[in-house]
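The exercises below are to be worked with the sequence and the structure at hand. Each task is followed by its solution in steps.

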Amino acid sequence: MTTQALYNRWRGQTFEDILGQEHITRTLQNQIKAGRIGHAYLFTGMRGTGKTSTARILAKAVNCTGGVENPPCNQCPTCRHINEGRSLDLIEIDAASNRGIDEIRDLRDRVAFVPQESRFKVYVIDEVHMLTTEAFNALLKTLEEPPSHVIFILCTTEPHRLPDTILSRCQRFDFRRGSVNAIADKLRRICAAEGLSIAPEAIQRIARRAGGSFRDAESLLDQLASFSTGEITASLVEAILGTPALSLVLDVVRAVATGDIPLGLRAINHALDEGAEPQQFLGEVLEYLRALLLLRVGGEEHLANLEPEAVRALRELASREGFPVSALVRAIRLFNDAGPRVRNAVRPQLPLELALVEALLPSEGAMPEATEGKGAPTGTRPEPAPVRTPLVEAAPPAQEAPEVAAAASPTSEAPAAAPSGPPAEKAPAESRVESAGEAPSLTLDWVRGHWEAVILRMRSLDRQVQALLRDAYPVAVQGQVITLGCKWALHRDKLSQDDKRALVEQVLTTTLGTPCRIQCIVQPEAVEQKAAAPAPPPNGGTLDLRSPSDEALDARQSLLNHPVVKDLQRRGGRISRVELYDQEKKGGT
Amino acid sequence: MWTTIGHEWAIAALERAIAARRVPHALLFTGPAHVGKTHLAREFAAALQCEGAAPPCGECEACRRVQKGTHPDVRLVEPEGDHIKIGQIRNLQYELSLSPVQGAWRVCLLTDFHTATPEAANAFLKTLEEPPAHAVIILTALDAGLLLPTILSRCQVFALRPVPARRIAQALMERWGAPEERAETLARLSAGAVGWAIYAWEHPEVLAERQERLRELEALLTASRGERLQAAERYSKHPALNEIIGLWQTWWRDVLLECAGCEDLITHADHHEALRRIARLWSLPAAEAALRSTENALDQLEHNANARLVLEVMFLSWQPLAA
Amino acid sequence: MKLSCLQENLAKGLSIVGRAVATRSTLPVLSNILLATDESRLKLSATNLEISVNCWVGANVTEEGAITVPARLLTDFVNSLPPERIDLSLIARTQTLNLRCGRYEANIKGIDAQEFPIILVPEEDKASQFATADLAKMIDRVVFAAATDESRPVLTGVHTELTPQGVTFAAADSYRLSVVSSPIPKAPAERISIIIPARALQELRRISGEAESVTMLVSSARNQVFFRMPEVELISQLVEGTFPDYRQIIPTTYNTRMVATTADLLQALRMAAIFARDAANIVRLQILPNEGGMGRLIVSATSAEHGDNVSELDVTVEGQPIEIAFNVRYLLDALEVIDTAQVALETRDPTSPGVIKPVGGQDFVHIIMPMHIAR
């Protein structure tokens, strides 16, 4: 037989057992005493806060025949049957597997049945948010006029997914997230009763890790109990939960503060090799970086929760010279950004390593951008390539900048270099802003000169967008922002849609060899202008190459129109179908 | 004899649970692909059913049947198509309520539970919380974050981490008779994914292909822009594009590690010479940028950006090496 | 393996084990039938891990052996053969079963018999014995009351209690309950209480037709039940869990008792069912006592959209007049398995359970919860 899980064995049996929800249990008890029992309750709250337990206790209390002052008595047959899961009058329905209208109609028909052994037939509908809209409507009818012998208890972790019409018909009780103290209390009780020996720090760690859920805490305790032979210690908790060793976390922080890249890389690899859970490791690194930041700006009080070892190390690092707050903020932001990548990565250390290295490289603003537009770098001297030129305009995730970064933003990250032109649809990605000043300046002629190439290239990507571009023409260039004049408002609106705009920007970026953004206005005369004087390809690149398929033509065409090719052509490169690339190679050397 | 490679802490915990008769009714094994989740789960199922003295003995009828997938009391539920569906969960719920046929337990193993539809996952909550006394439910998933919190809180979670390279290499040598050098290479390349390492050992073409891809990468660095654009077009149609970029990513990571003076951490130890040469010509920022470019490329491919454009940008961002 | 048997016998055996073949299973071997020689007989086995059936067919065995072959294929082929002798032989190397019958021949690819689950049969000492006809009647009276919704698995089973005095079967969902008891020819010395899946009992009823008596055994681990008949065996896993304490639901007193002619009541209810279809299947029973223990029963059903129907029956009534509503499908389900000429309905009040009993000595009680009716 499996051992019954602790969270089942310790499921609350009386209202007093439900910890941290006194605001609910007291109200329910008063209702029972006064005989004012509702017919529809809604229990909401995160997992493991006592919703189902309370529902069962309520079912017992309203039906208890024990005659005690504070039901349930847990002695009478009704209470016992419910506790043993064999009552025919407590019906627990799992809305996730009975979510359709047929099931709810069936329920509606069945609520007319009177209870078999007790006063009330109690229907507990768990995960009620899973019902379909039709099912909600059917349920609504039942909730409107339930028979007097029926009590509905709807439970959900996601009340916002319930229609208002349902919400308004229920007495709603919001279960609170369990506090660390309440959870620790319960764990202590369980350990004492089960004869488990456990270190006080271990209890604290479990309670913290449980994130407010009693069941999570009990599950963890269960796991630790089955693993340990003697006392459950804090280090055992670390081993099972994959908590990284503090020294390695501090090594990464030290690496950031001192610029010691090898130290940081080794610490990251070490920690993960030793079995640290990558996301936890990242979380810890962030926490201590933040502590260091706060220390730098004078916040001592945040150190209270940290280990003495960490406090010592952080104090020493904070007192170092030549380590600007802005660099620390940058590091925090980079590590924070690595979060989602760590979760999905095959090699979770990679995003961590990248964050570390990037944080310690000279800041991007100081790096010149190499672009194709200026010709290929030919020397052997390493010249940094454009570091971040996202193809798709990835708007920064809302959570990107941690609060601390926001607080410290009046430093070098301020968007001083933001284009002064009309604001685009949304804020540009930060990296763009930073590099805007360094980007080569586009000219209207240059853009117009490549316009046909852009249109041609678009053919293989999206015919509709291609058609839209045919009726548009660049009318202005300011920084990286290219203003397109469209013939109709409808075209402007379409091109301004996120996906289409992103595609156009992708193609412009690769065709022009520098990050571009577009902004669309209505300006029919621009198109006429284009029609009147179609800008020839800057150097008469022939378009009469024919190949078997459109796609191949496109591929060639895009090559022909590539700035580099054109550059070479300008310098006298000869183009022929098969020798195109050879020719270029010769030119390059 | 447990045959799972690595994860000793998890095995110890499971063994103790069996010995102390505190078998949890719901377990979840999480971890990256090929790290050994299903293998360990199956082995735990065998240990529960084993008739031998030291479960899992691997030799008794029960162990044999569990390994072959023919044990009547060990039920495997895999995603049907892309998902675990509610119908599968419903069938399972009834089956679990029946007494076991041969063994002491009815074990059901649901693999890749992160693929379960929300309906299926929610429908499983009740059973997962209070299954019949003889039932043991084992789930595997890539990441705990991909599951409903309500599922998680009902399971004992074993977060399996990548297996250290030395353990994999050792196992390849001892159990598969791999020569040391090959074992080391595979172990490092596997990033802790045991299953991949074994597969690559049993399928030599995997390593051959890797050599080819790395050779191509090196060639690209001395290639002209035109050739790079051509390569972008060619690769954009490759069905395993993501894996190829992933491989290149590990290579750039090695360059970065070389530049940073952390030779000991590199993956492609057998390409040390080439890596060192490039690291001499490059600087840390350039290596970082190249590595970042692979990461951006993978990101953009995931968001369905045009593969050719993505590759063009990536290839062109790599600094040319003088021939 | 080499043997011969008659087509009729094999076809019949296959039809007996056929329903236990798994229709959808992750184990391919479960959609096969196991054929194995057993002294001078051929043993056929099928299992879906819930129900297993073994059946023996007379055969002339010349070489022992065993193989599993796909059930559908084998059954369809054998059914289409003429009623003559079939020769079966196993080609061990390819695990292929060769069948010959007159001028017809087939080769069916099989799966090694080793793959088939082993189902052990317990000792006979705790056996109970039933007369098949009685058993069939008892099964009919309870299985329909078992829940079909699998969300609460214990209620999909039939609670079976064996005592030295006899057997009691009970099935319930949350709205009705059927209990039937009977002495049996041979009862165990001690009390045994188990939950048998309703499907297993239905299957038992189907295949036990020709046997005169059925022997029942419960494994000592209480995880399986065996039903043994001549040449046929059915083994079922048991449902784990605690069955509701149904005895305390059965009322011991009543304020109204009505006795009606079963056939008349059935007819009136069938009529009412037509009209109740659109009204949650609600039928109203008005029981009106007259002088001298006689009385009337008015059966009515109303469909708000389509009309109504009223029938009146002469009945005997004891106690108070009452109006009570039931789900008509449930009433019909119960009355259809009552074979006495008269049937009694007892109740305390419109919100108390209705108790249905055959009049005339049989130990059968059916409880239906009334419906709440708005007035």
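**Exercise 1.** Is H14(B) largely enclosed by the rest of the structure or not enclosed, and how many of its 19 residues are buried?

Solution. The model is a predicted one.
- Step 1: a residue is buried if 20 or more other C-beta atoms lie within 10 Å of its own.
- Step 2: this holds for 14 of the 19 residues of H14(B), so the helix is largely enclosed by the rest of the structure.

**Exercise 2.** Find what span is expected for helix H14 of chain B, residues 284-302, and set it against the separation of its end C-alpha atoms.

Solution.
- Step 1: the expected span is 1.5 Å times one less than the number of residues.
- Step 2: for the 19 residues of H14(B) this comes to 27 Å.
- Step 3: the end C-alpha atoms are 27 Å apart, which agrees.
- Step 4: just after H14(B), look at Asn304(B), which has a positive phi of about 60°.

**Exercise 3.** Describe how strand S4 of chain A, residues 150-156, is covered and which way its residues point.

Solution.
- Step 1: S4(A) is mostly covered, with seven of its seven residues buried.
- Step 2: in a regular strand the side chains alternate between the two faces of the sheet.
- Step 3: one way from S4(A) point Val150(A), Phe152(A), Leu154(A) and Thr156(A), while Ile151(A), Ile153(A) and Cys155(A) point the other way.
- Step 4: take Ile153(A) as a check; it has 27 C-beta neighbours inside 10 Å and therefore counts as buried.
- Step 5: the C-alpha atom of Ile153(A) is 9.9 Å from that of Thr54(A), although the two residues are 99 residues apart along the chain.

**Exercise 4.** Which strands pair with S4(A), and in what sense?

Solution.
- Step 1: S1(A), residues 40-44, pairs with S4(A) in the parallel sense over five bridges. Within this pairing, Tyr41(A) has Ile153(A) as its bridge partner.
- Step 2: S3(A), residues 121-126, also runs parallel to S4(A) and is joined to it by five bridges. Here Ile125(A) stands opposite Leu154(A).
- Step 3: together with helix H6(A), residues 133-144, S3(A) and S4(A) form a right-handed β-α-β unit.

**Exercise 5.** How are H14(A) and H15(A) oriented to each other?

Solution.
- Step 1: two packed helices are described by the angle between their axes and the distance between the axes.
- Step 2: the axes of H14(A), residues 278-296, and H15(A), residues 308-318, come within 9 Å and cross at roughly 50°.
- Step 3: the two helices are therefore oblique to each other.
- Step 4: the crossing of H14(A) past H15(A) is right-handed.

Key: Residues are numbered from 1 along each chain as its sequence is written. Chains are lettered from A and ligands numbered from 1 in the order in which they are written. This is a predicted model: local features need pLDDT of at least 70, side-chain atom pairs count only at pLDDT 80 or more; totals for chains, interfaces and linings use all residues. A residue is buried if 20 or more other C-beta atoms lie within 10 Å of its own, exposed if 12 or fewer, and partly exposed in between; C-beta atoms are placed from the backbone. Helices (H or I, at least four residues) and strands (E, at least two) are DSSP runs, numbered from the N terminus. Two strands pair if DSSP finds at least two bridges between them. A crossover is right-handed if, with the strands pointing away from the viewer, the path from the first strand over the helix to the second runs clockwise. Axes are lines fitted to C-alpha atoms, for helices over the stretch in contact, and angles run from 0 to 180 degrees between N-to-C directions. Angles under 35 degrees count as roughly parallel, over 145 as roughly antiparallel, 65 to 115 as roughly perpendicular and the rest as oblique. A crossing is left-handed if the near helix is turned anticlockwise from the far one by less than a right angle, and right-handed if clockwise.
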